[in-house]
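Work through the exercises below with the structure open. Try each task before reading its solution.

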Amino acid sequence: MAKTKRRSVLKLAGGAAAASMGGMAAILATGRMPAFAQQRTVHWLKWVDFVPASDTLLRREMLPEAEKALGIKINLETVNGNDLQPRVTAGIQSGAGPDLIMAFNNQTYLYANSVVDLTEIAEAVGKEQGGMYKYARAVCSDGKMFMGMPWAVIGGMIAYRKSWFEEAGATKFPETWEQYREVGKKLKAKGRPIGQTLGHTFGDAPGFTYPYLWSWGGMEVDPSGKVIMNSKETLESVKFMQGFWKDAHDEGGLAWDDTNNNRAFLSQTISATLNGASIYIETLRKPDQYKTEKGAPMHTDILHSPLPKGPAGQFGFHLLQSHMLMKYSKNQDPAKEFLKWIHTEKNFEKWFISQKGFATPCTEKWEGHKVWTDDPVMAPFKVAAKLGQAPGHAGPPNAKAAEALSKYIVTDMYAKAVQGMSAEDAVKWADGELRKIYV
Amino acid sequence: MAATTLATAEGKRPSARLRRLEDERWLALVLLTPTAVLLGLFIAYPFVEGVLLSLSSARVGDPGQFVGLKNFYKIWNDSIFHTTVWNTFWYTGVTTVFKLALGLWLALLLNRHFRGKAIIRAFILLPFIIPTVLSTFAWKWMFDPTFSVINWTLFQLGLITTRINWLGDPDLAMTSIIVINIWRGVPFFAITLLAGLQTISPELHEAAAIDGARPWARFWHVTWPLLMPVTLVVVLFSVIQTFADFQLVYVMTGGGPANATHLFATYAYQLGIGTGLLSEGAAISLAMFPFLFIIVVAQLLYIRRVETR
């Protein structure tokens, strides 16, 4: 090994310093950013997937492939879904942050001024893949621009324990709320309540409370945007919920986020819960770890069902995810290239298969994919994106609807009522809060 | 800078500008400038920005326009804000009383001589040293609706038959976060008060004892008055910190269930950063200012009175 002398080190350091000084002066003179800041890097922020295999697939295989194919660098960052909105706000206000950020539902409308129009990519993907669902279009596009590129819909269905429901006398899943309450009452008496979050959490809380409200005929606003929350129908739904909660639910649900019901179901403390398919997929992945009390693999005892019917019909509200390309991004072109790349059928299919049906794509062509026929338990999720109703129904899913959703007004109305507030006061409170938004 | 020093060292007369520093007023100005700049940049500027924000209709990505006091009017009529104000006072009041009482008790115990004193004193500080978010996560698991170890223990001991809904019940949730805040805050009180105790000369106690004062009388007439200035400063710090607390509530309950445990900071965050209603968020966090200002001024005046007595 060559001997390093003190003098040569000094010389080297001096040289480097001089070069950097010269570089600095040169950069200041041209008024341009140094070259390293212009490297084509895309910072992608998304939620931590409830199907961990998919994030692993992205990190280990797909992103390195994309980097090679596009000649860019991609930094994937994953955070809890509840932390995405604060990150968007921070990014927009400081003018720096991730280039692509995942948005839930109609949050895109809240950030319309700060995102890049993705119509071109969205329309191309829609055309190529059998047409985009109306629901995805309504949630991501205000008719003038696509504020987010629709990514996938996380279908929300009730995952339930077949054998426990049979023991309680239900050979098939209850069709109406009354029937569900009756079965739930028997289940809770046996220490196997229904688990449902009424907390401030993005997926399972509004995924239950919105369609529940609609199924009773209650609505936040009419089609013209006039607040009509304080109605007989809403009141009925709240009154029923008060009894339903006490009779049939795990009362800890008031403090749950989107992960608590997964843990509770897997540890066999609840018999049913509205969820994406993540519980079932987890039991499939670890059949030896998750077993029923009789020792059978738990996945053989799980089925899925849509939410029951109410007097006004049967509804569903499924979490739609899209990606917003931020206006402040200095890497808009590479980010667009990446979106195009990952949405090509060949690439998207890899990711889609890894989800095992947890995510439903936003275009119709995928309905015919073998993922849905491979496992009949997953079949109900196939049409989640087709049948979903957007928040703000019967009005448009605009920024006001998004604000109401972000403030968890509908969810809080039920939470307050089951905590002891009178149904009338809870409805009045929600109506008042909505009126502050819809002015 | 180096060049100037060299020049003076070579024996030239200092320049007129430098000679001006011989005047104390100029020197004071120069020495104070860095602090003033720092304060201006990191305290005054954000504060003024916050005030301007609260008077506008700004949302995320939209600078909005001047709307006067509309945001304050809006939060004044907001039932969640009312709960927030009540919660903050309740949270600060209850925790401060307990932290002071327990901290003082602990300080008195630690002030005695016993084996392993140094180690015990170091351990006492642990709750205060561990990052709040980390320790709060541990507490969150202890209060978990399904897996609470506290419930498990009580159940195994036969004290309860059904689960206690720690974080799902508004009152219990508030109690839970109060307990954690006390757990976290006691060491700060204990160590600071201990430092105060050690400045009290043992001779005073001896003299009182010789005069026949019982332990309680010695505490009440010797220790307590001498400890008063330190106590007041500790309470002041604690009140300010607790009033503006964020991390603990954010991690534990996120302000829930149904907004029942919001404090000023968490509600401002939820509206401003979560929903993107920056102006309303700013109005809520500014609403904390007058309350805090009154508390701080009252306490500072009291401290001055005690000190000059």
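**Exercise 1.** Find which residue I154(A) stands opposite in β10(A), and place that pair among the strand pairings of β4(A).

*Solution.* Step 1: I154(A) stands opposite A359(A). Strands here are DSSP E runs of at least two residues, helices are H or I runs of at least four, and both are numbered from the N terminus. The model is predicted: local features need pLDDT of at least 70, side-chain atom pairs count only at pLDDT 80 or more, and totals for chains, interfaces and linings use all residues. Residues are numbered from 1 along each chain as its sequence is written, while chains are lettered from A and ligands numbered from 1 in the order in which they are written.

Step 2: β4(A) and β10(A) (residues 359-360) are antiparallel, with 2 bridges. Two strands count as paired if DSSP finds at least two bridges between them.

Step 3: turn to β9(A), residues 319-325. Its pairing with β4(A) is antiparallel too, through 5 bridges. One bridge there joins V153(A) to L320(A).

Step 4: check burial. A residue is buried if 20 or more other C-beta atoms, placed from the backbone, lie within 10 Å of its own; it is exposed at 12 or fewer, and partly exposed in between. In β4(A), residues 149-154, 6 of the 6 residues are buried, so the strand is largely enclosed by the rest of the structure.

**Exercise 2.** Describe the contact between domain 1 and domain 2 of chain A.

*Solution.* Step 1: set the bounds, which come from an automatic or database domain assignment. Domain 1 is 38-155 + 320-379, and domain 2 is 157-317 + 407-437.

Step 2: their centres, over C-alpha atoms, are 28 Å apart.

Step 3: count the contact residues. Domain 1 gives 12 and domain 2 gives 14. Contact means C-beta atoms, placed from the backbone, within 7 Å.

Step 4: sort the domain 1 side. It has 7 nonpolar, 4 polar and 1 charged. Nonpolar covers Ala, Val, Leu, Ile, Met, Phe, Trp, Tyr, Cys and Pro; charged covers Asp, Glu, Lys and Arg; the others, Gly among them, are polar.

**Exercise 3.** Is chain B compact or spread out?

*Solution.* Step 1: chain B has 15 helices and 0 strands.

Step 2: its radius of gyration, over C-alpha atoms, is 26 Å. The globule rule (2.2 Å times the number of residues to the power 0.38) gives 19 Å for 309 residues. The value is well over the rule, so chain B is more spread out than a compact globule.

Step 3: buried residues make up 32% of the chain.

Key: Contact = placed C-beta atoms within 7 Å.
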